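Hi everyone, thanks for coming. I'd like to walk you through one model today, piece by piece. Have a look at it on the screen first.

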Amino acid sequence: MTHVHVVGFGMGPHHLTGEAVAALAATDYVLAVRKGERDELLDVRRRICAAHGVELVEVADPERDRDDPADYPGAVKAWHHARVEAFANVLEQRRGTAGFLVWGDPSLYDSTLRIIDQLAARIDLTWDVVPGISAPQLLAARHRIVLHEVGQPVHVTTARRLPEALDAGERNVLVMLASEASLTTLDALPDWRIWWGANLGTDGEELVAGSVGGVLPEIRAARDRARDRAGWVMDAYLLRAPSEKS
Ligand SMILES: C[S@@+](CC[C@H](N)C(=O)[O-])C[C@H]1O[C@@H](n2cnc3c(N)ncnc32)[C@H](O)[C@@H]1O
């Protein structure tokens, strides 16, 4: 029998919860994909495993077909399937208690739990999940805000789907998986409020808040600064329609 701890580690070793530390202490080895020469996310996992005395088993990431964007879901499915095969081989060989380390929390825009479901359909497996600090939690904490008005909803979506959320009448939206290009959607919302953050929880953290029209240039500059400093940028933001109170 093989058991797996799926452990959210927030934005790095400094965010590991007590529960995550206990799970790592009970883990024989951690599995992670290796994407190429330069892989910051793998480096973080290496640091965590070294600090907690857990062996890291690196599996080469299967090739992903990026040639046919029309079949994006099909390409992602095939890629996930190949990852499952690679992980299943290691788990079947080594058994014991394995770990997967997940950036932020496994419940948000992360495929680890879907991969585990597929693994469980293929091999004898039990698993549990240890939550980590997610980007939306950090965003709220850094800006010292509640993500919604009293008793009101917050709609969580991707930057790609933001136009669709706005068309549907959403007025308090938490946006993830942003990109430079997707910021153009904000041009049409000058009087909305925004609470934005990039590379939260890292040394190069950037924060901007205000009316969209007033701070959009500042956000673009801060985004560039975050990327220049870290070599990568991940940002998330809360958008609120003008009639709502902040
Ligand atoms: C693949 S998702 C992973 C989310 C992660 N599981 C979580 O719980 O936050 C990546 C997206 O999360 C957000 N994100 C992750 N880390 C971030 C950070 N340190 N600062 C700002 N946003 C971050 C960004 O929107 C990024 O595009």
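Let's start with the overall layout. The protein splits into domain 1, residues 2-130, and domain 2, residues 135-240; those bounds come from an automatic or database domain assignment. Before we go further, please keep in mind that this is a predicted model: local features need pLDDT of at least 70, side-chain atom pairs count only at pLDDT 80 or more, and totals for chains, interfaces and linings use all residues. Residues are numbered from 1 along each chain as its sequence is written.

How far apart are the centres of domain 1 and domain 2? Taken over C-alpha atoms, 27 Å separate them. Where the domains meet, seven residues of domain 1 are in contact with eight residues of domain 2, and contact here is C-beta atoms, placed from the backbone, within 7 Å. On the domain 1 side of that meeting point, there are two nonpolar, four polar and one charged residues. For those classes, Ala, Val, Leu, Ile, Met, Phe, Trp, Tyr, Cys and Pro count as nonpolar, Asp, Glu, Lys and Arg as charged, and the others, Gly among them, as polar.

Now the first sheet. It is an open sheet of five strands in the order 3-2-4-1-5, with parallel pairing. A quick word on terms: helices (H or I, at least four residues) and strands (E, at least two) are DSSP runs, numbered from the N terminus, and two strands pair if DSSP finds at least two bridges between them. The edges belong to strand 3, residues 55-60, and strand 5, each pairing on one side only. From one strand to the next, the twist averages 30°.

Strand 1, residues 2-8, is a good one to follow. Is this strand mostly covered or uncovered? Mostly covered, with six of its seven residues buried; buried means 20 or more other C-beta atoms within 10 Å of a residue's own, exposed means 12 or fewer, and partly exposed is in between, again with C-beta atoms placed from the backbone. Seven bridges join strand 1 to strand 4, residues 96-102, in the parallel sense, and V6 has F100 as its bridge partner in strand 4. Six bridges join strand 1 to strand 5, residues 125-130, also running parallel, and there H3 is partnered with T126. Strand 4 also pairs with strand 2, residues 29-34, over three parallel bridges, and the partner of L31 in strand 4 is F100. Lying across strand 1, strand 4 and strand 5 is helix 1, residues 18-25, at about 150° to strand 1. For such angles, axes are lines fitted to C-alpha atoms, for helices over the stretch in contact, and the values run from 0 to 180 degrees between N-to-C directions.

On to the second sheet. This open sheet also has five strands, in the order 6-7-10-8-9, and its pairing is mixed. Strand 6 (155-158) and strand 9 (206-211) are at the edges with a single partner strand each, so one side of each has no neighbour in the sheet. The twist here averages 15° from one strand to the next. Strand 8 and strand 9 run antiparallel and are joined by six bridges, with R193 partnered by S211 of strand 9. Helix 7, residues 212-230, lies across strand 8, strand 9 and strand 10, at about 170° to strand 9.

Which residues are closest to the ligand? Of the 21 residues that surround the ligand, the closest are G104, S134, A135, M176 and L200; the cut-off is a C-beta atom, placed from the backbone, within 6 Å. Strand 8 (193-198) and strand 10 (235-240) are the elements giving two or more residues to this shell. By class, the shell has twelve nonpolar, six polar and three charged residues. Each of the two domains supplies at least three residues to the shell.

Last, two backbone details. Most residues other than glycine have a negative phi. R95, in the loop between helix 3 (72-94) and strand 4, has a positive phi near 50°. R144, in the loop between helix 5 (135-143) and strand 6, has a positive phi near 60°. R144 counts as exposed because it has 8 C-beta neighbours inside 10 Å, while R95, with 15, counts as partly exposed. Thanks, and happy to take questions!

Conventions. Two residues are in contact if their C-beta atoms, placed from the backbone, lie within 7 Å.
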